[in-house]
Amino acid sequence: MKREKRYRSIEKAGKSLKRFRIMPYLEILLVIGFVAAFGWAMWTYGIPFLKGLSEQFIACQRPAAPTPAPTPDPTPAPTPDPRDLHAFGHADLRTAATEIVVPEYQYATDVTISGDTLIAPVGNYTPDGTAAFVRLLIYNVKTKSQSLLALPLEYKSIRFPAMNTRWIVYLDSAANGGGRLVAYRRSDGTARALKTVHTGLVKPVLYENTAFWIERTGQSRDKLFAVDLETGESATLAIYDSSPYGLSNPYVYGHTLLYVAPDGALTALDLETGESKTIDVGVPYVHDPQMNADGIAFLDSDHAADGRVLWYDGSKTVEVVSGAVDFALGEGFIAYSRYDKNYVYYYGDGATLSAMREDETAMLLAAGGKTMVWMDVTWRDKDIMEYMTVGDGI
């Protein structure tokens, strides 16, 4: 009896709950809650689980990637031996040099070389203990042929000759400097005095029928002159008043006159058009510039012991050497002396080679074409001029 009564009470209670209007809404909320819980569970646990299974399946189907081999360290390229870069590099210096012998005369000075032709005044000492250079040596470095030319002299010595196919221009120099500048016509042997030089020595350069030089004309004044060798007409191109640039020599290459202006600007004058331009080589001081088809070599001092030889290739300036007091420019190279030794710098690749025999001391005299000329000063009983082919090619 009691069990039956309890059953009826519960059934009665359920029926009584259904009488409330809120029940449909509660049922909807329960359904929504169940769906939300299921979605959250799938998002949190189901999707990552399924994704992992998918990746494992794909990995099983894909071939295993090969294990990368370790990258070997790069092998550095060997530094080339500068001697292997140029034909001169392995020359036997004991036999590569040729000595110039002039039996009649012991001494030479002011050597220049253009192409295969070398010229130098030669002479002997006089009773007063000074040399008199009375003949001009003309020497072919390929054929080794030579001749001696007697140029007109009123004073003592031939100094700083410049020669082209038409003319020889030189200073007919007195013993203590000064004298007269002379033009000698090679075709007929006639000569004319161009100008009286009152002090010092002048070094002319030639372009066809015109000579150029810088001369001291006052206590602190120098002038850059040009003179027509046919007519004798002259002009002053620049005046240096108390300017150190008046000590820098002009240079002619092709139809360009290269010189340092009174304000220090490196200047190129086109001798065909008359147009002048300034060349900025990036250094504050330029002295004794020399030029060829590849660029310009120059000093950054007045031949100071700690000065530098520099090379400008049209876009940048590089140091050739420090501590060389002089240099000479050839085809593809710059020759210089340092501590009584001669060296050759190849500006194309920066290689530097010694041009000296063991236990030899020497003084650079000139360079031009593919040839370097020096004087062996190991002993000084006689001037021994030697030359060697150091440029590349034929």
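Two strands count as paired if DSSP finds at least two bridges between them. With that in mind, the tour of this predicted model starts at a strand with a partner on either side of it in sequence.

**Stop 1: strand β16.** Select residues 256–260, which make up strand β16. Is this strand mostly covered or mostly open? It is mostly covered, with 5 of its 5 residues buried. Colour the side chains by face: Thr256, Leu258 and Val260 lie on one side, while Leu257 and Tyr259 lie on the other. Both faces are covered.

**Stop 2: back to β15.** Add residues 251–253, strand β15. β15 and β16 run antiparallel and are joined by 3 bridges. To see the register, pick Tyr253, which stands opposite Thr256 in β16. The two strands form a hairpin with 2 residues between them. Gly254 is in that turn, and its phi is positive, at about 60°.

**Stop 3: on to β17.** Now select residues 266–270, strand β17. Here 5 bridges link β17 to β16, and the two run antiparallel. Which residue of β17 is the bridge partner of Tyr259? Thr267 is the partner. This hairpin has 5 residues between its strands. Look in the turn for Gly264, whose phi is again positive, at about 95°.

**Stop 4: the cavity.** Leave the hairpins and turn to empty space. Rolling a probe the size of a water molecule over the atoms shows where such space is left. Over the whole structure, the search finds 1 cavity of 30 Å³ or more. The largest cavity holds about 70 Å³ of space. To centre the view on it, select Val102, Tyr105, Gln106, Asp383 and Met385, which are the closest to its centre among the 10 residues of the lining. By class, the lining consists of 7 nonpolar, 1 polar and 2 charged residues.

**Stop 5: an aromatic pair.** A pair of aromatic rings is described by the distance of the centres and the angle of the planes. The structure has 6 aromatic pairs with ring centres within 6.5 Å. For one of them, select Tyr139 and Tyr387. Why is this pair classed as edge-to-face? The ring centres are 5.6 Å apart and the planes stand at 70°, where over 60 degrees counts as edge-to-face.

Then show the strands that carry the two rings. Tyr139 belongs to strand β5 (residues 131–140) and Tyr387 to strand β29 (residues 384–389), so the pair ties together parts that are 248 residues apart in sequence. Tyr139 and Tyr387 are both buried.

Notes:
Residues are numbered from 1 along each chain as its sequence is written. This is a predicted model: local features need pLDDT of at least 70, side-chain atom pairs count only at pLDDT 80 or more; totals for chains, interfaces and linings use all residues. Side-chain values use heavy atoms; hydrogens and water are left out. Buried means under 20% relative accessible area, exposed over 50%, partly exposed in between (1.4 Å probe, protein chains only). Helices (H or I, at least four residues) and strands (E, at least two) are DSSP runs, numbered from the N terminus. On a 1 Å grid over the protein atoms alone, a cavity is a set of points where a 1.4 Å probe fits but cannot get out, and a pocket is an open set with protein on both sides within 12 Å along at least five of seven lines; lining residues have an atom within 4 Å of a point. Grid points are joined across faces, edges and corners, and a volume is the space filled by probe spheres set on the points. Ala, Val, Leu, Ile, Met, Phe, Trp, Tyr, Cys and Pro count as nonpolar, Asp, Glu, Lys and Arg as charged, and the others, Gly among them, as polar. Rings of Phe, Tyr and Trp (its six-membered ring) pair if their centres lie within 6.5 Å; planes under 30 degrees apart count as stacked, over 60 as edge-to-face and the rest as tilted.
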